[in-house]
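Reader: I am in my first year and still learning to read structures, so could you take one part of this one and walk me through it slowly, saying at each step what stands beside what?

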Amino acid sequence: MMRTRPLKVALLGCGVVGSEVARIMTTDAADLAARIGAPVELAGIAVRRAGRTRPGVPDHLITTDAEALVGRGDIDVVIEVVGGIEPSKHLILSAFKQGASVVSANKALLARDGAELHQAAADAGVDLYYEAAVAGAIPLIRPLRESLAGDKVNRVLGIVNGTTNFILDKMDTTGAGYSEALEEATALGYAEADPTADVEGFDAAAKAAILAGIAFHTKVTAADVYREGLTEVTAADIASAKQMGCVVKLLAICERSADGESVTARVHPAMIPLSHPLASVREAYNAVFVEAEAAGRLMFYGPGAGGAPTASAVLGDLVAVCRNKLAGATGPGDSVYTQLPAKPMDEVVTRYHVSLDVDDRAGVLAQVASTFAEHGVSIDTVRQQGRDGDASLVVVTHRATDAALSATVDKLRALDSVRDVASIMRVEGE
């Protein structure tokens, strides 16, 4: 039998995602009630500025006093889609103190203070769900927290930012430069007016921290994630990747070390072979590979951002926490027990693509090869093309540490025969 008294929901934020959440909660109220076992009532919507037209959002629900809304005492669930650190953190902690569960899409906050928020939720006996914080509509957090809870995850590799994937895809398929591709992404609404969080990798790094913490049952914050953006990726890099049968993607990579004693989390552009499934992820889509010992390789693919896709993930969490409320229970919380340290990037082993501008004369190749060998970096392939006294030399290494490659590059820059180290890019997914 369905409970007649509604579960009351406070919505913090009514932007692109929040307005979609409000719309679906209104139009699909009967279906949501049937799935939950009780009606859900949108009790209020907190916004920064009142007076704006919000199609489909009842005006009487709008308030600018988020703290009063959260502190009413009769709110069962708070949905936070405001973003940022404050006042979001304060409001979430206030919700816990009032006995409300929280559904959040706030990747930056969770990547920085996730452990504190989880502990506060556990102390209050309520839920903290955040499927929408990583990869939009793609079910990823719950499979890691629940479906793979009995397995050992060793690696998470994926494209978790739609804006950067769109930019790199356009650079690859149309030959556009970075600036032109960013301009198109902005015109289509994929990039914000200030795209820094996306193109410099901050957004992907926050998501990588969340994924690594869940996958490896250890505390990982955004500060533990090595980060490079894509602003330095050039048309020449894209062309070099094509010559190698590769494509350039901005990847989030989380790995457990072979000895199981540490983890790494990093975000950076990388070349991946066209044969790899991630190479075919186009436009603003996301895709994530999870590699587990028993399950093997699993791929999650879909729209990683946007109002409706992200709202889908928010509402999935809403249904789950409401069911838990009715059952007098909570879902899985923070599973941190391994306390594995984050390995610094200097110790991470990977392959590299190094492009050099050199003098076109005898002995240069031997000099360059000797420099790589001197620092213990073995060479997989070399491609050289001369032109009027200058030459382009492309070296692809076998796996080496970042520290060894950095030392090699420093020595190369000191050689008289090397005019410029044009680009360095990692190679993944072999």
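Author: Let us begin with one pair of residues, leucine 12 and alanine 46, which stand opposite each other, with alanine 46 lying in strand β2. Please keep in mind throughout that this is a predicted model. The strand that pairs with β2 here is β1, which covers residues 7-12, while β2 covers residues 40-46, and the two pair in the parallel sense over six bridges. Another facing pair is formed by leucine 7 and valine 40, the latter in β2. Strand β2 is mostly covered, since six of its seven residues count as buried.

On to the next neighbour of β2, which is strand β3: two bridges join them, and they run parallel. Isoleucine 45 has isoleucine 62 in β3 as its bridge partner. Stepping back, we can place these strands in an open sheet of six, whose order is β3-β2-β1-β4-β5-β6 and whose pairing is parallel. At the edges stand β3 (62-63) and β6 (128-129), and each has a single partner strand, so one side of each is left without a neighbour in the sheet. Helix α12, made of residues 307-327, packs on this sheet and touches β1, β2, β4 (77-80), β5 (101-104) and β6, and its direction makes about 170° with that of β5. As general background, the strands of a sheet pair through backbone hydrogen bonds, in either a parallel or an antiparallel way.

Helix α12 also has a helix to pack against, namely α1 (residues 16-27), and the two meet at an angle of about 60° with their axes 8 Å apart. That angle makes α1 oblique to α12, and the crossing of the two helices is right-handed. On the side of α1 the contact is made by Val16, Val17, Glu20, Val21, Ile24 and Met25, and on the side of α12 by Gly307, Ala308, Thr310, Ala311, Val314, Leu315 and Leu318. When the residues of this contact of α1 with α12 are sorted by kind, they divide into 10 nonpolar, two polar and one charged.

A second helix pair can be read in the same manner. Helix α5 (residues 107-124) and helix α10 (residues 202-216) have axes that come within 8 Å and cross at roughly 50°, which makes α5 oblique to α10, and here the crossing is left-handed. Lys107, Ala108, Leu110 and Ala111 of α5 make this contact with Asp203, Ala206, Lys207, Ala209 and Ile210 of α10. The residues of the contact of α5 with α10 divide into six nonpolar, no polar and three charged.

Finally, some loops deserve a careful look at their backbone. In the loop between α10 and β8 (226-227) we find histidine 217, which has a positive phi of about 55° although it is not a glycine. Histidine 217 has a relative accessible area of 13%, and because buried means under 20%, it counts as buried. Glutamine 339, in the loop between α12 and β13 (349-359), likewise has a positive phi, of about 50°, without being a glycine. Its relative accessible area is 70%, so glutamine 339 is exposed, the cut-off for that being over 50%. One further loop, between β4 and α4 (88-97), holds proline 87, and the peptide bond leading from glutamate 86 to proline 87 is cis, with omega near 10°.

How values were computed
Residues numbered from 1 in each chain as written. Predicted model: local features only at pLDDT ≥ 70, side-chain atom pairs only at ≥ 80, totals over all residues. Heavy atoms only, no water. Pairing = 2+ DSSP bridges. Helix = DSSP H or I, 4+ residues; strand = E, 2+ residues; numbered from the N terminus. Contact = heavy atoms within 4.5 Å. Axes fitted to C-alpha atoms, helices over the stretch in contact; angles between N-to-C directions. Buried < 20%, exposed > 50% of the residue type's maximum accessible area, 1.4 Å probe, protein only. Parallel < 35°, antiparallel > 145°, perpendicular 65-115°, else oblique. Left-handed = near helix turned anticlockwise from the far one by under 90°. Nonpolar A, V, L, I, M, F, W, Y, C, P; charged D, E, K, R; others polar.
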